[in-house]
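Me: I have not looked at this model before. Could you take me through it, beginning with the terms I will need?

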Amino acid sequence: MEDLLTQSTLVQLRVNGKLHELEVMPFTSLLDLLREELHLTGTHMGCMTGHCGACTVMVNGRIAKSCIVLASTLERAEITTIEGLRTADGKLHPVQQAFWDEAGFQCGYCAPGMLMSAVELLKENPNPDDAAIESGIAGTLCRCTGYRSIVRAVKAAAVRMNSPEA
Ligand code: FES
Ligand code: FES
């Protein structure tokens with residue numbers, strides 16, 4: 001039993017397009033790996049119990065709460081963090097730009113969850129109504145905004161992403 005808890009595993013995974021090979025302990029969460037090993041601190045540490053959404057990333061194209069994902073289960077996974085949303089030429093992702101323009105954040109602690117959830121939602125539903133947006137972001141808690149500016153920002157992002165220049 002002691003061995004199981006102290007033996008590290010070698011994991012190869014891609015984070016924001018970059019390949020990493022890392023030794024991880026059985027109890028290392030993806031959140032710890034991102035923040036402590038790779039210094040990607042844009043993914044926030046909140047409740048650590050899978051409830052607040054501040055630690056949300058994409059794992060193989062789907063949103064996941066990184067505090068409750070064990071790093072050792074991620075062999076060959078593709079991870080995208082909030083840092084990886086920027087376009088190749090360094091511009092903000094249309095969802096990030098819309099949140100900026102619409103003042104979608106105050107303290108910004110919920111940003112990883114709101115942005116990643118919005119990106120996933122708009123991929124699946126390019127024209128969401130208020131109810132669909134509320135449902136899409138329901139996994140992330142925001143203590144500051146009252147959510148209206150966030151819903152507005154997701155709608156603005158949809159308009160941007162549906163425009164011919166997007
Ligand atoms: S820190 Fe992961 S859900 Fe709150
Ligand atoms: S802006 Fe502060 S938690 Fe959402």
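Reply: Helices and strands here are DSSP runs numbered from the N terminus, with H or I and at least four residues for a helix, and E and at least two residues for a strand. This is a predicted model, in which local features need pLDDT of at least 70 and side-chain atom pairs count only at pLDDT 80 or more, while totals for chains, interfaces and linings use all residues. Residues are numbered from 1 along each chain as its sequence is written, and chains are lettered from A and ligands numbered from 1 in the order in which they are written.

Me: Which residue follows α2, and what is its phi?

Reply: His39 comes after α2, and its phi is positive, near 60°.

Me: And which residues of α2 are buried?

Reply: Leu30, Leu31, Leu33 and Leu34 are. Buried means that 20 or more other C-beta atoms lie within 10 Å of a residue's own; exposed means 12 or fewer, and partly exposed is in between, with C-beta atoms placed from the backbone. The buried residues of α2 pack against β2 and β3.

Me: What does Leu30 touch further along the sequence?

Reply: Beyond its neighbours within four places in sequence, Leu30 is in contact with Val57, Ser66, Val69, Ala71 and Leu74. A contact requires C-beta atoms, placed from the backbone, to lie within 7 Å.

Me: Let us turn to the sheet. What is the order of its strands?

Reply: The sheet is open, with 5 strands in the order β2-β1-β5-β3-β4 and mixed pairing. β2 (18-24) and β4 are the edge strands with a single partner each, so one side of each has no neighbour in the sheet. On average, neighbouring strands are turned by 40° against each other, direction ignored. Two strands count as paired if DSSP finds at least two bridges between them.

Me: How does β1 pair with β2?

Reply: Strand β1 (residues 9-15) pairs with β2 in the antiparallel sense over 7 bridges. Leu13 is opposite His20 of β2, and Val11 has Leu22 as its bridge partner. The two strands make a hairpin with 2 residues between them, and Asn16 in the turn has a positive phi of about 50°.

Me: Is Asn16 buried or partly exposed?

Reply: Asn16 has 19 C-beta neighbours inside 10 Å, so it counts as partly exposed. Not counting residues up to four places away in sequence, Asn16 touches Thr80, Thr81, Glu83 and Gly84. Asn16 and Glu78 are 62 residues apart in sequence, with their C-alpha atoms 7.7 Å apart in space.

Me: What is the sense of pairing between β1 and β5?

Reply: β1 pairs with β5 (residues 78-80) in the parallel sense over 2 bridges, and Val15 is opposite Ile79 of β5.

Me: How many bridges join β3 to β4?

Reply: There are 4 bridges between these antiparallel strands. Met58 is opposite Ile63 of β4. The hairpin of β3 and β4 has 2 residues between the strands, and Asn60 takes a positive phi near 50° there.

Me: Now the helix α4. How many residues does it have, and how far does it reach?

Reply: α4 (residues 111-124) has 14 residues and reaches 20 Å from first C-alpha to last, close to the 20 Å expected. The expected span is 1.5 Å times one less than the number of residues.

Me: Why is α4 described as largely enclosed?

Reply: Of its 14 residues, 11 are buried, so the rest of the structure largely encloses α4. Its cover includes β3 (56-59), β4 (62-65), α3 (94-101), α5 (130-136) and α6 (148-162). α4 lies across β3 and β4, at about 35° to β3; axes are lines fitted to C-alpha atoms, for helices over the stretch in contact, and angles run from 0 to 180 degrees between N-to-C directions.

Me: Which residues touch the most other members of the largest nonpolar core?

Reply: Among its 43 residues, they are Leu30, Val95, Met114, Leu115, Ala118, Val154 and Ala157. The largest share of this core, 8 residues, comes from α4. Such a core is a set of buried Ala, Val, Leu, Ile, Met, Phe, Trp, Tyr and Cys residues joined through C-beta atoms within 7 Å.

Me: Finally, what does the domain assignment give?

Reply: It gives domain 1 (2-84) and domain 2 (94-162); the bounds come from an automatic or database assignment. The C-alpha centres of the two domains lie 23 Å apart, and 14 residues of domain 1 are in contact with 12 residues of domain 2. On the side of domain 1 that touches domain 2, the elements giving two or more residues are β3 and β4, and β3 supplies the largest share, 3 residues.

How values were computed: Contact = placed C-beta atoms within 7 Å.
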